[in-house]
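Here are a few exercises to work through with the structure open beside you. Try each task before you read its solution.

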Amino acid sequence: MTHGLRSEPWRLFFPLGVLALWGGVSHWVLFALGWSDDASSVFHGIAQTQGFVLAIAFGFLLTMLPRRTR
């Protein structure tokens, strides 16, 4: 059995989701430390919705659907 991205797409999408998670949270950390003047919740919402949630959902669906429908 090969362990490539075609058979296990979560190996790509889950790390991308974690990167998007840190991207969405990092501006709050920077604001809390006083390194940023902007506390925009719009960036957090976009990064969370379009980055983290979408990457985790794609990773899960593209891994589980082929295994369940074979």
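**Exercise 1.** Work out whether Thr63 is buried or exposed, and what surrounds it.

*Solution.* Start with the cover: Thr63 has a relative accessibility of 6%, so it counts as buried (buried is under 20% relative accessible area, exposed over 50%, partly exposed in between, with a 1.4 Å probe and protein chains only). Bear in mind that this is a predicted model, where local features need pLDDT of at least 70, side-chain atom pairs count only at pLDDT 80 or more, and totals for chains, interfaces and linings use all residues. Residues are numbered from 1 along each chain as its sequence is written, and side-chain values use heavy atoms, with hydrogens and water left out.

Next, place the residue: Thr63 sits in helix H2, residues 41-68 (helices are DSSP runs of H or I, at least four residues, and strands are E runs of at least two, numbered from the N terminus). Then look at its side chain, which has a polar atom 2.7 Å from the backbone oxygen of Gly59. Finally, skip the neighbours within four places in sequence, and you'll find Thr63 in contact with Glu8, Pro9 and Trp10 (contact means heavy atoms within 4.5 Å).

**Exercise 2.** Do the same for His27: which helix holds it, and what does it touch?

*Solution.* His27 belongs to helix H1, residues 10-32. With a relative accessible area of 11%, His27 is buried. Its side chain makes a polar contact of 3.2 Å with the side chain of Trp28 (a pair of N or O atoms within 3.5 Å; within protein, one must be able to donate a hydrogen and the other to accept it, and residues adjacent in sequence count only if both atoms are side-chain atoms). Setting aside residues up to four places away in sequence, His27 touches Ser40, Phe43 and His44.

**Exercise 3.** Find which residues of H1 are buried, and what they pack against.

*Solution.* The buried set in H1 is Phe13, Gly17, Ala20, Gly24 and His27. Why that spacing? An α-helix has 3.6 residues a turn, so residues three or four places apart point the same way. The buried residues of H1 pack against H2. Just past the end of H1, Gly34 has a positive phi of about 85°.

**Exercise 4.** Describe the protein as a whole: how many helices and strands are there?

*Solution.* Count two helices and zero strands. For the extents, the C-alpha trace spans about 50 × 20 × 10 Å along its principal axes. As for cover, buried residues make up 17% of the 70 residues.
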